[in-house]
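Here are a few friendly notes to read alongside the model. Please keep the viewer open as you go through the points.

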Amino acid sequence: MESSKVKPLEDGETSEGIIRSASKKSILFIFDTESKMSSFDVCLAYDAGYDAVMLYENVTPKDAERLVQDALFSRGPKGSRFTSFFIGGKDLGKAEAVLEAIKNIKSPQLVSSIIIDPRGAYTTAAAMIAKTEQALLTTKMGKLENKRCIIFGTGPVGKIATVLLGKLGCEVVIASTNPNRLNGKKYIKGVVRLLLKRYDVDIRGVYAPGQKERIHLLREADVVFCAAAPGIQVIDRSILEEIGSEKIMVDVNVVPPLGIEGIKPEDDVREIHPGIFGIGPVTIGRLKCKLEMKILREAREAGEKIYDYELCLKKARSLFKGAH
Amino acid sequence: MESSKVKPLEDGETSEGIIRSASKKSILFIFDTESKMSSFDVCLAYDAGYDAVMLYENVTPKDAERLVQDALFSRGPKGSRFTSFFIGGKDLGKAEAVLEAIKNIKSPQLVSSIIIDPRGAYTTAAAMIAKTEQALLTTKMGKLENKRCIIFGTGPVGKIATVLLGKLGCEVVIASTNPNRLNGKKYIKGVVRLLLKRYDVDIRGVYAPGQKERIHLLREADVVFCAAAPGIQVIDRSILEEIGSEKIMVDVNVVPPLGIEGIKPEDDVREIHPGIFGIGPVTIGRLKCKLEMKILREAREAGEKIYDYELCLKKARSLFKGAH
Amino acid sequence: MESSKVKPLEDGETSEGIIRSASKKSILFIFDTESKMSSFDVCLAYDAGYDAVMLYENVTPKDAERLVQDALFSRGPKGSRFTSFFIGGKDLGKAEAVLEAIKNIKSPQLVSSIIIDPRGAYTTAAAMIAKTEQALLTTKMGKLENKRCIIFGTGPVGKIATVLLGKLGCEVVIASTNPNRLNGKKYIKGVVRLLLKRYDVDIRGVYAPGQKERIHLLREADVVFCAAAPGIQVIDRSILEEIGSEKIMVDVNVVPPLGIEGIKPEDDVREIHPGIFGIGPVTIGRLKCKLEMKILREAREAGEKIYDYELCLKKARSLFKGAH
């Protein structure tokens, strides 16, 4: 007995046929764990060549699992290479829970690319670190993995930078600078515990609400990342006088006053104080933008990659290759 | 007195002009009665050639009426042929209430196409039935309209399959299989009443939580549709031994264990038991996907049709034409 | 010391490069202060040539500020000319608060175009007034700025028409016609105060729930705008008998019964009563549609303009230029 057959469709009529005729549209689904997803990511996605960007708000891990599965089913293994997913939102933990849910999908096979960049933290942290490696090279200060690093700020950017530096093998301290915290020491202990548990990095945390603690920390640091709240100055001139030289300082706060007194937004390894070289927020911002664009373009063209923080850093480093 | 006139605009400048210059974009508005609309439908819509897919969540009948009217006004009778509407969501009743509201629009004239497919129920049910007709033909078992049919499952797919079979004139039984229902007999009576009231089909309902009831039902059936909850086995080997032969069995449950023991996902009218021919969920899924693609393409190109379950079935049948 | 440099990217690889290669996509962000944004605006935007229309619901002034800034940052000053923003919603005040927040953005420079048209009020009011100026010209009744105007209706269209006429220097009365208001006189006083405070126009308000008040107002008016609730007749035949001639009457209510008895939807300066010339809602609607299309096209192509009600009126007038 012959089984019944669906009439063969003309070329280009089926989903697969469209691929053959090379007109498959590239679609980016943006999942935001909250509402009002970043217009930054939307614009960049279109500029990276996506044909369509679809916004989904308040996405839970459960939602994401179903949405990714449905999308994979609809286009099949070949077509789904033209589908990508971007996980955004304000909250690092929520975004990473969404990523986990997607990674745990057993069937169908995950052939689409996944980007995760809540509040731009992954690309910003990766850009900061790749830039710092480059700066150490040009200032002949050596390799980042041998440096003592201090990160001011415990938001998404500060956390991911800490994780990346910890994984590189640096000696890392993360510091909370907010003088209004009711129990700053307890808070920073919680941050350290979370970083150990979720990312498996064992680093030191310090509550540094005042000048004294900051000077103490900075004296023992080679590389300083300032990623505290926008418009909050963390390091002023008087601190700079007290902490010695042979340091790289990176500031990602673009809202005046900047995080480090004397740094200008466009500084690109400029000597802001004798022996202290500064990298400003616009320099980092441009690099972050280039990095995100590179990742979006790759994801659109290739598929099957998960752009987590480690792949992010690798891609950030590749922006410098061949430049020297 | 001459009335004042708006300055004639250059070709291509007005909405109508754009049509003439053949560059009118095709737009699909997806109305979901809940949130997180299906990414399946979004991908398929782009692959069907739509230039833009716009998502509206939590759409009520009142919302839909206004949104369709506004869209019709904006593009006029010619331009609105390039606009389509797709009604989705989890709830059959809510989706159908939205369709009713749109059909009741008095002005302007409804020249856009409307697709309704909550949870894929319309296309899945239509694909199942058209495939079964084809299977009866190839197995030389005769015509579907003369068959005794049993549908396991009272979700959207089960309900719409029941309605379509009832309208074809089959002898139909719909069965609830969930053994955890507190009052299964009352529940299934409610389903039967609803099908009579809303769809004008008068069929029989049975509560079949156990093997005994299922065997009884299956002995008297020629065609069996299994559309119960995913991952729930409804018919096991021991049941198959007891129910005789000369039957077609269709399973749409793709999550293991499948609804019918012995059926494989890709089965395409395979003899799974002596005299019993099985059609698996992947075979149905592919057909459903082709059907939805066909409908989306037609809606995009032509306009002025309402793809309700009956038109869905007609389109599903057309997929087989010329194949034999 | 040479500062480190990011490797120069190939042409077309960066955001700026894409501009050079002339393939930059035009993106319209629609911000709605409520949910379910107008499908009218969406369709028109695509027909105006936008490559992508992104919908954001329940947007607050704070949200808008961040979303516009993020979008500006992502594409830079050149790329952001291809980004536009459209503020919609039911509530005039909320939409205008969103506009204010955007106008107050200090950095980066606002090079994108902003359109504001809550409930179509700006374009409808501007279309009504430009059309009336034209009608006065063709009927040889003189200039609008010398006329006594009465506006029936205190919704968004009525309010913005009142503001525009007040700014032109007309003698303007705005009237509430709803006989069910509990305290109509107090209500209309509030409207007048709001118009003075928010728009700096000092006009007169009247509560006109019945025939007597309306006749009184109409006798002293040269130009009458009827923008009350849809389906509510404000002026009947018996009123028309009592109010003299040499008048222009404009009706924007398209739902029968129209606002003015005897006016037909397509009337285009037709003598509906001896010496009274009527302009119907379809005539205004068409003009509004052309105006919005013109604005969207301009915004898409040029950037850096804010299409507030005054620019709206200027653009509406330009539709008539060269027509006579």
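1. A word on terms before we start: a residue counts as buried when its relative accessible area is under 20%, and as exposed when that area is over 50%. Please also keep in mind that this is a predicted model.

2. With that cut-off in hand, have a look at helix 2 of chain B, which spans residues 39-47. How many of its nine residues are buried? The count is nine of nine, so the helix is mostly covered under the cut-off of 20%. The buried set mixes residue kinds, and among them you will find Phe40(B), Val42(B), Leu44(B) and Tyr46(B), along with Ser39(B), Asp41(B) and Asp47(B).

3. Both ends of this helix deserve a closer look. At its start, a side-chain oxygen of Ser38(B) comes to within 3.0 Å of the backbone nitrogen of Phe40(B). After the helix comes Gly49(B), which has a positive phi, near 110°.

4. Now to chain A as a whole. This chain has 324 residues, and 60% of them count as buried. Its secondary structure comprises eleven helices and twelve strands. Along the principal axes, the C-alpha atoms of chain A fill a box of roughly 90 × 45 × 30 Å.

5. Within chain A, Ser74(A) belongs to helix 3, residues 61-79. Is Ser74(A) buried or exposed? Its relative accessibility is 2%, and because the cut-off for buried is under 20%, Ser74(A) counts as buried. A polar atom of the Ser74(A) side chain lies 2.8 Å from the backbone oxygen of Ala71(A), so this pair falls inside the 3.5 Å limit for a polar contact.

6. Another residue to inspect is Val224(A), in strand 8 (residues 223-226) of chain A. Val224(A) has a relative accessible area of 0%, so this residue is buried. Where does Asp236(A) sit relative to Val224(A)? The two are twelve residues apart along the chain, and their C-alpha atoms are separated by 14 Å.

7. My last point concerns the surface. Which residues form a positive surface patch? They are Lys185(A), Lys186(A), Lys189(A) and Arg193(A). Of these, Lys185(A) is found in helix 7 of chain A, which covers residues 184-199. Lys185(A) has a relative accessible area of 61%, and because this is over 50%, the residue is classed as exposed. Patch members need over 30% relative accessible area, so Lys185(A), at 61%, satisfies that requirement.

Note on methods:
Residues numbered from 1 in each chain as written. Chains lettered and ligands numbered in written order. Predicted model: local features only at pLDDT ≥ 70, side-chain atom pairs only at ≥ 80, totals over all residues. Heavy atoms only, no water. Patch = residues over 30% accessible without salt bridge, like charges linked within 9 Å, V, L, I, M, F, W, Y side chains within 5 Å. Areas by Shrake-Rupley, 256 points an atom, 1.4 Å probe, with all protein chains shown as cover. Salt bridge = Lys/Arg side-chain N within 4 Å of Asp/Glu carboxyl O. Lys, Arg positive; Asp, Glu negative; His and termini not counted. Charge placed at Lys NZ, Arg CZ, Asp CG, Glu CD. Helix = DSSP H or I, 4+ residues; strand = E, 2+ residues; numbered from the N terminus. Buried < 20%, exposed > 50% of the residue type's maximum accessible area, 1.4 Å probe, protein only. Polar contact = N/O pair within 3.5 Å; in protein donor to acceptor, adjacent residues only side chain to side chain.
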